[in-house]
Amino acid sequence: KKRIPSHYQPNAWAGAALFLVISGHILFHLMCYWRPAFKAKTLFQPATKIRAGLYALVEPHLHRGKAALVPISKTGPQGQQKLAFLFQRLRYEFNDAGNYVSMLKCPIDHNLSFYACWKGLSEREEKLRKEHYGLNVLSVP
């Protein structure tokens, strides 16, 4: 006659502990996905100096999208590179001291005659501008 519960069955406390560990692990990964601030607090540490290769936690104003962890990289022509990051398809640059961030502005302050006489960019200038400003592409998902 077999005993109930079987002697092959694990202890009830071990089963409960396994359930709690797996549930906690899944909840941790979901919280990191749902809340970038939670991911930043648990998996990252504050930096004392801003440099390329770090991540920035960007939290937009209310009803302007959701927060994200974005990588910081160097952009711009060689010798004039600045630290910047891409958030919601817009590029933001740090000032030279690293005190604040501003949205990258495209040069649009010339008069109409400048644009009428414009011959275009050389291939080298085009490559540098693409690196600095990014591609001029709009994609609608």
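Trainee: Which residues does R91 touch, not counting residues up to four places away in sequence?

Mentor: R91 touches T75, A84, F85, L86, S102, M103, L104, E131, H132, Y133 and G134. Touching, or contact, means heavy atoms within 4.5 Å. Do keep the origin of the values in mind: this is a predicted model, where local features need pLDDT of at least 70 and side-chain atom pairs count only at pLDDT 80 or more, while totals for chains, interfaces and linings use all residues. Residues are numbered from 1 along each chain as its sequence is written, and side-chain values use heavy atoms, with hydrogens and water left out.

Trainee: Where does R91 lie, and what makes it count as buried or exposed?

Mentor: R91 lies in strand β5. Strands (E, at least two residues) and helices (H or I, at least four) are DSSP runs, numbered from the N terminus. The relative accessible area of R91 is 16%. Buried means under 20%, exposed over 50%, and partly exposed in between, with a 1.4 Å probe and protein chains only. The value for R91 falls under the first cut-off, so R91 is buried.

Trainee: G134 was on that contact list. How is G134 classed at 23% relative accessibility?

Mentor: G134 sits in the segment after α4. Its 23% lies between the two cut-offs, so G134 is partly exposed. Leaving aside neighbours within four places in sequence, G134 is in contact with R91 and R129.

Trainee: F85 was there too. What does F85 contact beyond its sequence neighbours, and what makes a group of residues a nonpolar core?

Mentor: Leaving aside neighbours within four places, F85 is in contact with V58, V70, P71, I72, L90, R91, Y92, F94 and V101. A nonpolar core is a set of buried Ala, Val, Leu, Ile, Met, Phe, Trp, Tyr and Cys residues joined through side-chain atoms within 4.5 Å. The largest one here has nine residues: A56, V58, V70, I72, L83, F85, F87, Y92 and F94. The elements giving two or more residues to this core are β1 (55–58), β4 (82–87) and β5 (90–94). β4 gives the most, with three residues. In addition, F85, Y92 and F94 form one aromatic cluster.

Trainee: Why is the pair of F28 and F38 called edge-to-face?

Mentor: A pair of aromatic rings is described by the distance of the centres and the angle of the planes. Rings of Phe, Tyr and Trp (its six-membered ring) pair if their centres lie within 6.5 Å; planes under 30 degrees apart count as stacked, over 60 as edge-to-face and the rest as tilted. For F28 and F38 the values are 5.7 Å centre to centre and 65° between the planes, so both tests are passed. F28 belongs to helix α1 and F38 to helix α2 (residues 36–43), so the pair ties together parts that are ten residues apart in sequence. The rings of F114 and Y115 have centres 5.4 Å apart and planes at 80°, so that pair is edge-to-face as well. By this rule the count comes to six aromatic pairs.

Trainee: How do you know that K130 and E126 form a salt bridge?

Mentor: Side chains of opposite charge can pair when their charged atoms come close. A salt bridge is a side-chain nitrogen of Lys or Arg within 4 Å of a carboxyl oxygen of Asp or Glu. The closest N and O atoms of K130 and E126 are 3.4 Å apart, so the rule is met. The count comes to one salt bridge. Being four residues apart in helix α4 (residues 123–133), K130 and E126 are separated by about one helical turn.

Trainee: What is notable about phi of H63, and how is H63 classed by accessibility?

Mentor: Most residues other than glycine have a negative phi, and most peptide bonds are trans. Phi of H63 is near 65°, a positive value in a residue other than glycine. H63 is in the loop between β1 and β2 (68–71). At 75% relative accessibility, above the upper cut-off, H63 is exposed. R89, in the loop between β4 and β5, also has a positive phi, near 60°. At 60% relative accessibility, R89 counts as exposed.
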